[in-house]
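The following exercises are to be worked with the sequence and the structure at hand. Each task is followed by a solution in steps.

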Amino acid sequence: MISVSKLLCDLDAEGDGLRYDAAEESRKEQIRDRKQRRPVVVWNVTKQCNLYCEHCYAAADTEVADGELSTAEGKALLDDLADYGVPVVLFSGGEPLVRDDLEELIAYADEAGVRPVLSTNGTLITEDRARSLRDAGLKYAGVSVDGLPERNDAFRGEEGAFDAAVRGIRNSLDAGLKTGLRYTITERNAPDLRGVVDLLTDEGLDRFCFYHLDYGGRGTEILDADLTPDQRREAVETVCDMTRDYYDRGEEIETLLVGNYADAAYIVEYAREHYGEAKARTVYEYLRTNGGDPAGERVADVDYQGNVHLTQFWQNYSLGNVRDRPFGAIWEDESNPVLTALRDRESRLTGKCAECAYSDVCRGGSRLRALTVEGDLFAPDPQCYLTDSEIRTPPPSVPDTGTGTGTAD
Amino acid sequence: MPDDSLAVTVDEPRDAVTREWELFVREDADGPLTHAGSVSAPSADIAREQAAQLFEWTAETLWLCPSEEVERVQTDAVSTVASAEDGA
């Protein structure tokens, strides 16, 4: 997760302590110390969803699936995560709001010291539900919208889904919940990107997360809708330009890019072009601390049945199950060669990644996409859009600062 | 070992949508065959293909076992999640 607004406009945000080890210099409350070194955990509390989205990584369905962790099991899991020092749990799905014990679980996480945040399609956030989520201690709600009304509704498989999501955003904001947008960019909805931000900014939203398509779940069925390298570069440039435009107008919006660490290299080059070498050096230093693609290290996923995954998108491979072992024991078990290799991947990367000057801010990007397209865990990320010239351009020189931690929301 | 020391049976499914395959990997001829997670796949052939892609760079041996055929028993101290009961 790369904060464009932080890197280009120096806008402070609550997640910076996790993203850039920037807790000391931030004015916002930050997660610090031991918790910065533990993964953010996405917990898919259910596979059930009231929508049927084309790109759903969890391949969610309208029916409840067998083996869902019960309320008591969920609380035991949250105790496990708290004991291990997990800083943030992202309640996801399916659609997490279909569970009527969601608030109970959120309150339990909050009391255990694990920051509870939510990923939702927003359509079930009524005024009452927004207030109960707030009262339970929810710290952030990320609402998925994937285009202006027509395109969003087609993507989400239900007419009226856009309007329902906007009502949910409005209810969430009215309840005083920190609320943001989640937008997965594809070829189909890239033209809507700026229009959606303008429209939702008018609703009072000020946080926008743009996801690159990852190749998990139903995402593998729409690879033909993924952006070409030129389209991807253009979309990322739009996010950068838009962030600066808003900042220049005195309207501070937080913008983040998620799921493709070629963006890190691109933003260094963008900073170099628009702000000069000194700014590019600062941006590069933050991104080196961020540490690049977090799979298997700074982000983890627990699915509705308790299976532990390398990321939330990588659902067809599980490291183990929390009904068999505590989460921390699974995550620390480096007898698993894949887990170990992902944590020490730089020397194994092949092709253009092996020669890339920006490998320390990218780490090869998505290993899931490489595996899905190339059948090779260490092949280049097929979504990399850097030019041959860019991967050979020496990045700004900075002293060694080590690696940082991850975030997801 | 007394029978009741392994008193907890974990019989919840690992995947309700498609089959789950427990994966065992040996990296060296004289090394142990180690559990290395599981893959989701509708058939043994597809499970084998997925597992090979994940581990072919290091594995000398791969074993795949259908999760529904694996009996999972443990002491009650191993996982508080497995031991948790609703209403407790």
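**Exercise 1: The fold of chain B**

Chain B of this predicted model contains 2 helices and 5 strands. Determine the order of the elements of chain B from the N terminus on, and describe the dimensions of the chain.

*Solution.*
1. Reading from the N terminus, the elements follow the order β-β-β-α-β-β-α.
2. Along the principal axes, the C-alpha atoms of chain B occupy a box of roughly 45 × 35 × 20 Å.
3. The radius of gyration of chain B is 16 Å, whereas a compact globule of 88 residues would have one near 12 Å.
4. Of the 88 residues in chain B, 24% are buried.
5. Among contacts in chain B with a separation of 6 or more, 56% are between residues 24 or more positions apart.

**Exercise 2: The contact between the chains**

Identify the elements of chain A that give two or more residues to the side touching chain B, and find the strand pairing between β11(A) and chain B.

*Solution.*
1. The contact draws 34 residues from chain A and 32 residues from chain B.
2. On the side of chain A, the elements giving two or more residues are α3 (71–84), β11 (317–318), β12 (320–321) and α13 (337–343).
3. Of these, α3(A) provides the largest share, 8 residues.
4. By character, this side of chain A comprises 13 nonpolar, 13 polar and 8 charged residues.
5. β11(A) pairs with strand β3 (residues 34–40) of chain B in the antiparallel sense, over 2 bridges.
6. Within β3(B), S38(B) is the residue opposite S318(A).

**Exercise 3: Strand β3 of chain A**

Establish how strand β3 (residues 88–92) of chain A is covered, and which strands pair with it.

*Solution.*
1. In β3(A), 5 of 5 residues are buried.
2. In a regular strand the side chains alternate between the two faces of the sheet.
3. Accordingly, V88(A), L90(A) and S92(A) point one way, V89(A) and F91(A) the other way, and all are buried.
4. Strand β2 (residues 40–44) of chain A runs parallel to β3(A), joined by 4 bridges; N44(A) stands opposite S92(A).
5. Strand β4 (residues 115–120) of chain A also pairs with β3(A) in the parallel sense, over 4 bridges, and R115(A) is the bridge partner of V88(A).
6. The chain passes from β3(A) through helix α4 (residues 102–112) to β4(A), and this β-α-β crossover is right-handed.

**Exercise 4: Helix α10 of chain A**

Compare the span of helix α10 (residues 262–275) of chain A with the expected value, and state what follows the helix.

*Solution.*
1. The 14 residues of α10(A) reach 20 Å from the first C-alpha to the last, close to the 20 Å expected at 1.5 Å a residue.
2. Its buried residues include A262(A), Y266(A), V268(A) and Y270(A).
3. After α10(A) comes G276(A), with a positive phi near 105°.

How values were computed: Residues are numbered from 1 along each chain as its sequence is written. Chains are lettered from A and ligands numbered from 1 in the order in which they are written. This is a predicted model: local features need pLDDT of at least 70, side-chain atom pairs count only at pLDDT 80 or more; totals for chains, interfaces and linings use all residues. Two residues are in contact if their C-beta atoms, placed from the backbone, lie within 7 Å. Ala, Val, Leu, Ile, Met, Phe, Trp, Tyr, Cys and Pro count as nonpolar, Asp, Glu, Lys and Arg as charged, and the others, Gly among them, as polar. Two strands pair if DSSP finds at least two bridges between them. The radius of gyration is taken over C-alpha atoms; the globule rule is 2.2 Å times the number of residues to the power 0.38. A residue is buried if 20 or more other C-beta atoms lie within 10 Å of its own, exposed if 12 or fewer, and partly exposed in between; C-beta atoms are placed from the backbone. The expected span of a helix is 1.5 Å times one less than its number of residues. A crossover is right-handed if, with the strands pointing away from the viewer, the path from the first strand over the helix to the second runs clockwise.
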